[in-house]
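Reader: Please take a close look at the sheet for me. Keep it brisk, and explain each term as you go.

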Amino acid sequence: MENQILGLHHITAIAGNAQKNVNFYTKVLGLRFIKKTVNFDDPHTYHFYFGDEGGSPGTILTFFPWGSAVQPGRRGTGMATEIGYSVPAGSLEFWQKRFADHNVIYNKPTQRFGETYLPFLDPDGLKLELIVSKTADNRTPWETSDVKAEVATKGFHNVTLTLRNIRDTADVLTELFGYQLIDQHVNRYRFATSAVENASLVDLVEVPGENQGHVAGGTIHHVAFRVKDEAVQKVFQERIADKGFEVTEQIDRNYFHSIYFREPGGVLFEIATDNPGFTADESVSELGTHLKLPAQYEPRRAEIERHLPVLL
């Protein structure tokens with residue numbers, strides 16, 4: 001595991017109404033609400049984290065809910081466009097019924113790369129897929145009273161980037177991150193890392209004539225890849241800079257440390273550490289039950305709480 005990218009760490013997207021976002025991902029999709037905090041750059045905006053019981057890397061979907069100020073985004077080139085979740089074999093019938101019962105927009109299951117997937121949209125139009133992987137996924141899912149382990153999501157299966165030309169992005173994945181091209185279907189190219197068993201896939205879709213995407217409501221803001229710790233992260237920071245990319249300094253995000261750069265196709269990439277994890281300021285049993293503020297905002301807690309929407 002030394003000096004390796006360990007697959008996906010988290011994916012961050014933009015939502016509108018905060019309450020609708022929490023309700024959909026916890027009550028409909030059955031994820032655990034693992035952290036309620038605020039945007040480091042805008043403390044009047046929540047930052048929500050959803051995942052498995054402890055917020056394991058490779059399960060973490062995060063949102064900035066911009067509320068009524070949000071404008072609808074547009075899927076297109078230069079952005080991540082789809083999030084794939086791994087689900088157990090035999091679960092898609094359950095999910096189709098559940099989506100129909102909750103008025104979720106979805107399409108019928110279909111096949112790709114020898115796997116069955118069920119595409120659907122969240123309340124803001126973010127595109128997701130439930131995928132029955134052809135390889136074993138032994139991760140322990142979070143389960144609720146409605147979504148039991150035999151049908152529950154296990155964490156990320158893949159993320160899809162849509163690009164006008166995949167060549168330079170593919171070079172980042174293979175030359176910098178250690179991924180390999182393992183399959184192709186028409187204009188979709190699947191890359192994988194052998195460093196981990198799950199949350200290990202990135203699909204690049206090449207559409208030369210597609211319009212540029214617009215990152216706003218219902219779209220993905222950035223994709224975060226996983227490393228063990230800050231020492232490994234520093235190695236990648238130097239490698240990225242040596243390739244001529246502008247890369248940030250290491251930033252303390254309370255639950256992980258981050259560096260950011262924009263890959264040649266336009267997608268914002270983050271490299272995030274496993275440590276210290278989401279139990280840095282809450283026990284596993286308490287995750288997601290308190291508003292946790294970065295230290296610099298703690299003196300403004302009363303003012304910040306007045307501005308944030310109340311969650312039921």
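Author: Start with contact: it means heavy atoms within 4.5 Å. Helices (H or I, at least four residues) and strands (E, at least two) are DSSP runs, numbered from the N terminus. Axes are lines fitted to C-alpha atoms, for helices over the stretch in contact, and angles between N-to-C directions run from 0 to 180 degrees.

This is a predicted model, where local features need pLDDT of at least 70, side-chain atom pairs count only at pLDDT 80 or more, and totals for chains, interfaces and linings use all residues. Residues are numbered from 1 along each chain as its sequence is written, and side-chain values use heavy atoms, leaving out hydrogens and water.

Now the sheet. It is open and has 8 strands, with mixed pairing. Read across, the order is β6-β7-β8-β5-β9-β12-β11-β10. Two strands pair if DSSP finds at least two bridges between them. The edges are β6 (110-112) and β10 (180-185). Each has a single partner strand, so one side of each lacks a neighbour in the sheet. On average, neighbouring strands are turned by 30 degrees against each other, direction ignored.

Take one pairing. β5 (residues 79-86) and β8 (residues 127-132) run in the parallel sense and share 4 bridges. Ser-86 has Ile-131 in β8 as its bridge partner.

Next, the helices that cross strands. Helix α2 (residues 92-101) lies across β7 (115-121) and β8. Its angle to β7 is about 15 degrees. Helix α3 (residues 167-176) lies across β9 (155-163), β10, β11 (188-192) and β12 (201-206). Its angle to β12 is about 165 degrees.

Look at a side chain from the edge strand too. Arg-112 lies over the face of Tyr-117, 3.9 Å from the ring centre. The rule for a charge over a ring: NZ of Lys or CZ of Arg is within 6 Å of the ring centre and within 35 degrees of the ring normal. Another case is Arg-239, whose charged end sits over the ring of Phe-236, 4.9 Å from its centre.

Rings can also pair with rings. Those of Phe, Tyr and Trp (its six-membered ring) pair if their centres lie within 6.5 Å; planes under 30 degrees apart count as stacked, over 60 as edge-to-face and the rest as tilted. That rule gives 26 aromatic pairs. Tyr-25 and Phe-63 have ring centres 4.8 Å apart and planes at 40 degrees, so this pair is tilted.
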